[in-house]
Amino acid sequence: MTHLQAGLSPETLEKARLELNENPDTLHQDIQEVRDMVITRPDIGFLRTDDAFILRFLRARKFQHFEAFRLLAQYFEYRQQNLDMFKSFKATDPGIKQALKDGFPGGLANLDHYGRKILVLFAANWDQSRYTLVDILRAILLSLEAMIEDPELQVNGFVLIIDWSNFTFKQASKLTPSMLRLAIEGLQPSRPELGFPRPSSPTLKGPLGEATRGSYSAHPSVDREAR
């Protein structure tokens, strides 16, 4: 095991080996293979190419070098094409802060049986008078950025569940094609945390029940900053 695999349990190390083709003996070589491709896209500003960062994308694409590089390029291209979204990209930003307070997104305390983090969105919680859909998307992306620092989640991934119960026509009218495209491009495939073997694209669910509504919260690091 190399220092890049620190933080992984023995079970997750084995899972990474079997399911993601992660090999500690070739890890640095795999990372360098991806890093060497950066020069093929001079149109993109790659703001990070350190080992730990590139490793996220390799895990997201089962150590297929070219696919991992494509995902890395898409990640930075999305940021480059949507600069306004990433200005004041922090939990203290007023719009992001309000979205986080309303549970966009919330995370369940327990993982699922695959070890995945379960994120929950109650769509009807959106208060249009205080923040926009873009603020919700920014809050989700910020939360995912914080959570993907956990190497266990890099291997196991995430599940995103959306409860559309009581979502009004007025709220739905804001889901324009351009807004949906912005969200889809931001969450998948541009985000490595939604590109793991098992994580699904946003899963549409019905009522989750009051017990579930009371058992989720924002990611601790984001929540502390928002206070």
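This section describes the fold, the nonpolar cores and selected local features of a predicted model.

The secondary structure of the predicted protein comprises 11 helices and 5 strands. Of its 227 residues, 49% count as buried. Among contacts with a sequence separation of 6 or more, 77% are formed between residues 24 or more positions apart. The accessible surface amounts to about 11100 Å², and carbon and sulfur atoms contribute 54% of that area.

In soluble globular proteins, nonpolar side chains tend to be buried together. In the present model, the largest nonpolar core contains 33 residues, of which I136, L137 and L141 touch the most other members. At least two residues of this core are supplied by each of the helices α5 (94-101), α6 (133-147) and α9 (177-187), and likewise by each of the strands β2 (117-122) and β3 (158-163). The greatest contribution comes from α6, with 9 residues. A second core, separate from the largest one, consists of 26 residues and includes F46, F53, A60 and V155. Within the largest core, the contacts of I136 may be specified further: when residues up to four places away in sequence are not counted, I136 touches A99, F104, W126 and Y131.

One of these partners, F104, takes part in an unusual backbone feature. The peptide bond joining F104 and P105 is cis, with omega at about 0°. P105 itself is found in the loop between α5 and β1 (106-108).

Helix α3 (51-60) has 8 buried residues out of 10, and it is therefore largely enclosed by the rest of the structure. The buried positions are F53, I54, L55, R56, F57, L58, R59 and A60; two of them, F53 and A60, are also members of the second core. The buried residues of α3 pack against α1 (10-20), α2, α4, α6 and α7 (151-156). After the helix comes K62, which has a positive phi near 50°. In the loop between α3 and α4, F63 likewise adopts a positive phi, of about 60°, although F63 is not a glycine. F63 is buried, with a relative accessible area of 9%.

The charged residue R59 merits separate description. R59 lies in α3 and is buried, its relative accessible area being 0%. The side chain of R59 makes a polar contact of 2.8 Å with the side chain of E22. R59 and L20 are separated by 39 residues in sequence, whereas their C-alpha atoms are 6.2 Å apart in space.

Helix α2 (residues 27-35) contains the buried residues L27, D30, I31 and V34. Viewed down the axis of α2, its buried residues fall within an arc of 95°, so they line one face of the helix. These buried residues pack against α3 (51-60) and α4 (65-81). The packing between α2 and α3 also appears from the side of α3, whose buried residues pack against α2 among other helices.

According to the UniProt record, an unreviewed entry, residues 50-75 carry the annotation "domain: CRAL/TRIO N-terminal". In the model, this span is 81% helix and 0% strand, and its end C-alpha atoms lie 15 Å apart.

A further positive phi, of about 50°, occurs at S88, which is not a glycine. S88 lies in the loop between α4 and α5. In terms of accessibility, S88 is partly exposed, with a relative accessible area of 36%, whereas F63 is buried.

The surroundings of Q171 were also examined. Q171 is located in helix α8 (residues 169-172). Its relative accessibility is 4%, and Q171 therefore counts as buried, the cut-off being under 20% relative accessible area. The side chain of Q171 reaches two backbone atoms: the oxygen of W126 at 2.9 Å and the nitrogen of T168 at 2.9 Å. Leaving aside neighbours within four places in sequence, Q171 is in contact with A123, A124, W126, Q128 and N166. W126 is thus a contact partner of Q171 and is also touched by I136.

Conventions
Residues numbered from 1 in each chain as written. Predicted model: local features only at pLDDT ≥ 70, side-chain atom pairs only at ≥ 80, totals over all residues. Heavy atoms only, no water. Core = buried A, V, L, I, M, F, W, Y, C linked by side-chain atoms within 4.5 Å. Buried < 20%, exposed > 50% of the residue type's maximum accessible area, 1.4 Å probe, protein only. Helix = DSSP H or I, 4+ residues; strand = E, 2+ residues; numbered from the N terminus. Contact = heavy atoms within 4.5 Å. UniProt positions renumbered as here; feature names shortened; annotations may be inferred. Arc of directions from axis to C-beta. Polar contact = N/O pair within 3.5 Å; in protein donor to acceptor, adjacent residues only side chain to side chain. Areas by Shrake-Rupley, 256 points an atom, 1.4 Å probe, with all protein chains shown as cover.
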